[in-house]
Amino acid sequence: MGFLIWFDLFLVSSLLWTAWQGLTHPNLLRSVLMFIVFGLLLALAWARLAAPDVALAEAAIGAGLTGALFLDALRDFSRSKE
């Protein structure tokens, strides 16, 4: 039981740290990567809360699809600046 409490605390602090880094980092690529990591950690949190369907949707849509769209938008943005 003690390990799960420490794991939950680690998960919550990791979620807060990645959210803060994703919102405030000046490098856009790093912000997008932090967003993807945030989505994967959030999927893990949903799985930990015994909601596997929400966890799969968060991993596929929140981290995967949205992350890929952000990376594509960042690439187009970098091309337009040149």
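Is Ala 50 buried or exposed? Let's start there, everyone. Ala 50 counts as exposed, because its relative accessibility is 65%. This is a predicted model, so please hear every value today as computed from that prediction. Ala 50 sits in the loop between H2 and H3, and its phi is near 65°, a positive value in a residue other than glycine. Have a look at that spot when you turn the structure around.

Now to the helices on either side of that loop. Two packed helices are described by the angle between their axes and the distance between the axes. Here, H2 covers residues 28-48 and H3 covers residues 52-81. They pack at an angle of about 175°, and their axes are 8 Å apart. H2 is therefore roughly antiparallel to H3, as the angle is over 145 degrees.

Who makes that contact? On the H2 side the residues include Leu 28, Val 32, Phe 35, Ile 36, Gly 39 and Trp 46. H3 answers with a list that includes Val 54, Glu 58, Gly 62, Gly 67, Phe 70 and Phe 77. By character, the residues of this contact divide into 18 nonpolar, four polar and one charged.

Staying with these two helices, let me point out Leu 33. Leu 33 belongs to H2 and is partly exposed, given its relative accessibility of 42%. From Leu 33 to Gly 67 there are 34 residues in sequence, yet the C-alpha atoms are 7.7 Å apart in space.

On to helix H1, residues 2-24. How many residues does H1 have, and how far does it reach? There are 23 residues in H1, and the distance from its first C-alpha to its last is 33 Å, close to the 33 Å expected at 1.5 Å a residue. Its buried residues are Leu 11, Ser 14, Leu 15, Thr 18 and Gln 21, and these pack against H2.

Gln 21 also turns up in the surroundings of a residue of H2, namely Ser 31. Ser 31 lies in helix H2 and is buried, because its relative accessible area is 11%, under the 20% cut-off. Leaving aside residues up to four places away in sequence, Ser 31 touches Gln 21, Gly 22 and His 25.

Last topic, the aromatics. A pair of aromatic rings is described by the distance of the centres and the angle of the planes. The count comes to two aromatic pairs. In one of them, the ring centres of Phe 3 and Phe 7 are 6.3 Å apart with the planes at 25°, so this pair is stacked. Both residues lie in helix H1, four residues apart, which is about one turn of the helix. Phe 3 is exposed at a relative accessible area of 64%, while Phe 7 is partly exposed at 26%.

The pair formed by Phe 35 and Phe 70 is edge-to-face, with 5.2 Å from centre to centre and 75° between the planes. This pair links distant parts of the chain, with Phe 35 in helix H2 and Phe 70 in helix H3, 35 residues apart. Phe 35 counts as partly exposed at 30% relative accessibility, and Phe 70 is also partly exposed, with a relative accessible area of 38%. You have met both names already, since Phe 35 and Phe 70 are among the residues that make the contact of H2 with H3.

That's my tour. Thanks for listening, and do keep the structure open while we chat.

Conventions:
Residues are numbered from 1 along each chain as its sequence is written. This is a predicted model: local features need pLDDT of at least 70, side-chain atom pairs count only at pLDDT 80 or more; totals for chains, interfaces and linings use all residues. Side-chain values use heavy atoms; hydrogens and water are left out. Axes are lines fitted to C-alpha atoms, for helices over the stretch in contact, and angles run from 0 to 180 degrees between N-to-C directions. Helices (H or I, at least four residues) and strands (E, at least two) are DSSP runs, numbered from the N terminus. Angles under 35 degrees count as roughly parallel, over 145 as roughly antiparallel, 65 to 115 as roughly perpendicular and the rest as oblique. Contact means heavy atoms within 4.5 Å. Ala, Val, Leu, Ile, Met, Phe, Trp, Tyr, Cys and Pro count as nonpolar, Asp, Glu, Lys and Arg as charged, and the others, Gly among them, as polar. The expected span of a helix is 1.5 Å times one less than its number of residues. Buried means under 20% relative accessible area, exposed over 50%, partly exposed in between (1.4 Å probe, protein chains only). Rings of Phe, Tyr and Trp (its six-membered ring) pair if their centres lie within 6.5 Å; planes under 30 degrees apart count as stacked, over 60 as edge-to-face and the rest as tilted.
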